[in-house]
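New notebook page today. I wanted a look at the surface patches and the aromatic rings, so here is what I pulled up.

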Amino acid sequence: MGATKNSLEKRGFFDKLNNSYYKPEIYAAIGLFGLSIILSFASEYFLTANNIINLFRQVSLNAIIACGMTFVILTGGIDLSVGSIVAVTGTFIAGFIKSGMPIPLSILIGLAIGIGFGVINGLIVAYTNIPAIIVTLASMSMARGTALLYSNGYPISGMPAIFKEFGRGYIGPIPNPVYIMIGIVIFSGIVLTKSKFGRHVYALGGNEETVRLSGINVKKIKMMVYVISGTLSALSGLILCSRLGSGQPLSGDGWELDAIAAVVVGGTSIAGGRGTIIGTLIGAFVIGVLNNGLNLLNVSPYLQLVVKGIVIIGAVFVRAGFAKEK
Amino acid sequence: MENILEMKKINKQFFGVKALDNVDFSVKRGEVHILIGENGAGKSTLMKILSGAYHMDSGTIKFDGEELHISNPHYIQNKGISIIYQEFNLIPEMSIAENIFLGREPKKKTGLIDWKKMREETKDLLNKLELDVDPKTIVKTLSVAQQQFVEIAKALSFGAKLIIMDEPSATLTPKEIERLFLVIKELKEHNVSIIYISHHLDEVFQIGDSLTVLRDGKLVNSLSVTSTNKNEIIKMMVGRELKNTYPKRSSKPGKTLLEIKNLSKKNVLKDIEFTLHEGEILGVAGLVGSGRTEMARAIFGADSKDSGEITLNGNDLKINSPKDSIKNKIGLLPEDRKRQGVVLGMSVKSNISLASLERVIKRILINGKLEQQKVGHYFDILKIKAPNQDVLIQSLSGGNQQKVVLAKWLFTDCDIFIFDEPTRGIDVGAKYEIYQLMNKLTDHGKAIIMISSEMPEIIGMSDNVIVMHNGEITGKFKREELTQEKIMTSAAGEVN
């Protein structure tokens with residue numbers, strides 16, 4: 001009798017899991033947990049306070065960008081320009097500060113330039129028929145080129161201490177960027193789940209024509225998600241520039257891939273319409289823990305790339321496999 | 001006649017809910033077997049089990065004397081069972097021949113595709129169906145009816161002994177339906193069995209040999225068509241007797257609400273003019289392709305127009321998008337539920353509140369409780385069959401999805417509703433509920449423009465009727481003077 005009851009309960013748990021809206025997120029979280037356990041055995045350094053704090057700081061920038069990417073991917077789009085926007089924002093801010101412009105103004109104008117690329121993405125995607133992957137591929141190239149042109153290809157350094165403090169400092173034991181990440185995650189989560197705009201984002205990814213016929217301005221929403229993505233990338237550019245104490249035109253290279261990886265590992269459908277910010281945060285940590293752990297284990301950076309690729313495919317495969325079962 | 005298909009004691013549960021409960025279903029060789037039942041009765045589930053899209057929990061399936069262990073759609077195709085879904089499985093950008101031989105193209109010795117042979121065989125198949133089109137024609141340029149024949153041709157090319165047709169007549173014109181029936185009779189003569197899923201009771205008697213009725217996942221009865229009648233079938237379907245198909249209209253059209261003048265769009269619409277009054281149901285009749293939907297979309301702002309004045313309560317309106325239209329309290333229930341009505345990946349609740357989110361917002365955020373409560377109101381009125389509001393709409397049957405879309409539009413609280421085929425794919429019982437709802441709306445002074453391809457619905461529900469042909473209004477009738485013949489002549493293009 002006891003055994004029967006037990007097995008029933010067990011089935012109940014998996015049934016619940018399988019029917020849960022958060023199924024992909026739960027699987028990603030289980031993966032993250034498993035990965036962490038393995039690494040804590042493989043490296044004695046992994047679970048130290050120092051490393052954990054370090055890990056959070058490493059993850060924070062990618063997580064911020066990935067939040068913006070989540071908005072874009074939920075509508076069925078993609079934004080390849082995020083890494084280049086990081087570079088162009090940082091480079092301009094550093095350049096302005098170096099030229100003697102007041103720091104707040106430098107930051108504002110620098111951010112505006114980064115966000116400007118998001119606006120361009122949004123305008124073209126919303127008002128033409130050019131696919132997002134092409135539009136953002138082009139702006140990825142333009143933003144990177146602009147950063148290189150402006151800086152002549154060299155890092156711009158020599159930032160005042162007060163500016164560097166923003167990206168390097170701590171409040172209590174926790175680095176500043178981590179607070180910003182937490183703020184962005186909470187804010188994005190609320191916007192997506194609780195606001196009218198967020199609901200429209202999901203619906204747009206599910207069925208654009210239905211959304212349009214429901215009296216919703218589809219173009220405005222498309223436009224907005226790229227502006228959000230551009231804004232969060234520019235914010236990351238600012239943080240990175242401050243932390244490094246220099247504006248580097250080659251920074252943020254390949255970050256679009258890490259952001260997209262975080263989003264899809266976290267359970268967001270690349271076709272749009274389904275996904276959560278919490279999933280993206282978990283996804284960002286999966287990527288981050290992997291990077292961090294493999295570094296600790298002295299795995300060659302080349303091999304790290306291979307492993308990361310395998311994990312991305314594996315994560316999505318597991319989910320697709322389960323989805324098929326239904 | 002022997003049974004070609006025997007499904008015995010089929011059981012299927014979804015998340016603890018019984019979708020099929022010990023259902024027996026058998027089809028004789030060379031007969032047309034009608035499968036009928038309300039939305040959510042289990043017809044689709046049963047057919048999806050047969051097609052390999054779902055796995056049954058228990059039961060046995062015997063086909064042509066052999067027990068089947070269905071694992072995937074490919075398996076049954078090779079056994080000689082073909083399914084033609086409402087949404088065709090054709091690749092729109094490919095030719096007819098390519099579609100028919102997709103994945104099994106005849107090859108030459110060199111390994112390259114033998115185009116000549118492929119086209120000749122396709123031509124033969126099309127000739128069998130008396131469909132006179134070039135096998136090289138790209139599928140998306142064909143009419144819906146022609147595409148359906150291509151599906152049938154594809155089934156025949158697999159040597160199908162049993163063809164399942166899921167509401168094949170839903171999107172066809174009366175003439176095309178006639179052709180379809182001829183083809184079905186032809187197939188019968190070649191000893192092909194047909195399972196025909198339908199909501200149209202008239203069709204049962206036109207082409208059916210046998211009939212199986214499902215209700216709430218259970219088999220109600222399986223019998224020969226000649227031994228029953230329409231009322232008896234309805235009673236079996238809904239489990240009670242349905243006295244009237246249409247409720248009585250009590251409201252009378254009041255003052256003028258909406259006026260449309262010289263609405264035109266090149267090659268689509270020509271000089272559309274009509275008036276809509278408070279409390280009126282204005283029926284729009286016409287054949288498929290006569291411009292009814294295009295007119296609705298132009299008024300609603302979903303498509304552009306070349307000219308046209310829209311006056312609401314005496315004020316000129318400028319409508320350039322659905323947003324403008326809804327702001328002026330004009331709503332459109334679109335004809336294509338899947339493509340234009342629902343967001344499949346969202347919950348029932350989110351679908352219903354989609355067009356009216358500002359009404360469930362407190363301060364700046366959506367209030368979950370308020371949404372639940374307001375949506376719940378429409379959920380109850382429309383008697384949507386779903387475990388709760390939070391299930392994904394894709395898990396609902398077609399008719400219930402349609403009710404969700406209706407609920408969405410009711411929630412917008414518009415004054416004017418354009419309903420494009422509001423009861424398509426909906427069963428008898430639910431239809432009556434929707435008609436009652438339309439009466440209630442007009443009792444409250446709202447007005448409805450109802451586009452429908454079902455003549456009895458037009459006659460049964462409209463206060464006034466306009467008939468369209470080739471983008472023009474060819475007839476306007478008051479309720480008293482309506483007859484089926486008058487509508488038909490106008491629909492055929494003769495101006496009244």
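Rings of Phe, Tyr and Trp count as a pair if their centres lie within 6.5 Å. I'm working with a predicted model here.

Rings. I looked up the aromatic pairs and got ten over all chains. One of them joins Tyr246(B) and Tyr435(B), a tilted pair with 5.0 Å centre to centre and 40 degrees between the planes. This pair links distant parts of the chain, with the partners 189 residues apart: Tyr246(B) sits in the loop between α8 (230-238) and β11 (256-265) of chain B, and Tyr435(B) in helix α15 of chain B. I checked burial too: Tyr246(B) is partly exposed at 22% relative accessible area, while Tyr435(B) is buried at 1%.

I then noted Tyr378(B) and Phe411(B), also a tilted pair, with 5.4 Å centre to centre and 40 degrees between the planes. Tyr378(B) belongs to helix α13 and Phe411(B) to helix α14 of chain B, 33 residues apart. Both Tyr378(B) and Phe411(B) are buried. Over in chain A, I found Phe92(A), Phe96(A) and Tyr150(A) linked into a cluster by ring pairs.

Patches. Which residues form the nonpolar patch on the surface? I listed Ile182(A), Ile186(A), Ile190(A), Ile364(B) and Leu365(B), together about 450 Å² of accessible area. Helix α8 (residues 176-194) of chain A gives the most, three residues. Leu365(B) lies in strand β18 of chain B and counts as partly exposed, at 31% relative accessibility.

I also marked a surface patch of negative charge made of Asp271(B), Glu273(B), Glu309(B), Asp316(B) and Glu472(B). Asp316(B) is in strand β15 of chain B, and its 65% relative accessibility makes Asp316(B) exposed.

Note on methods:
Residues are numbered from 1 along each chain as its sequence is written. Chains are lettered from A and ligands numbered from 1 in the order in which they are written. This is a predicted model: local features need pLDDT of at least 70, side-chain atom pairs count only at pLDDT 80 or more; totals for chains, interfaces and linings use all residues. Side-chain values use heavy atoms; hydrogens and water are left out. Patches are made of residues with over 30% relative accessible area and no salt bridge: like charges are joined within 9 Å, nonpolar side chains (Val, Leu, Ile, Met, Phe, Trp, Tyr) within 5 Å. Accessible areas come from the Shrake-Rupley method with a 1.4 Å probe; for residues, only the protein chains shown count as cover. A salt bridge is a side-chain nitrogen of Lys or Arg within 4 Å of a carboxyl oxygen of Asp or Glu. Helices (H or I, at least four residues) and strands (E, at least two) are DSSP runs, numbered from the N terminus. Buried means under 20% relative accessible area, exposed over 50%, partly exposed in between (1.4 Å probe, protein chains only). Lys and Arg count as positive and Asp and Glu as negative; His and the chain ends are not counted. The place of a charge is taken as NZ of Lys, CZ of Arg, CG of Asp or CD of Glu. Rings of Phe, Tyr and Trp (its six-membered ring) pair if their centres lie within 6.5 Å; planes under 30 degrees apart count as stacked, over 60 as edge-to-face and the rest as tilted.
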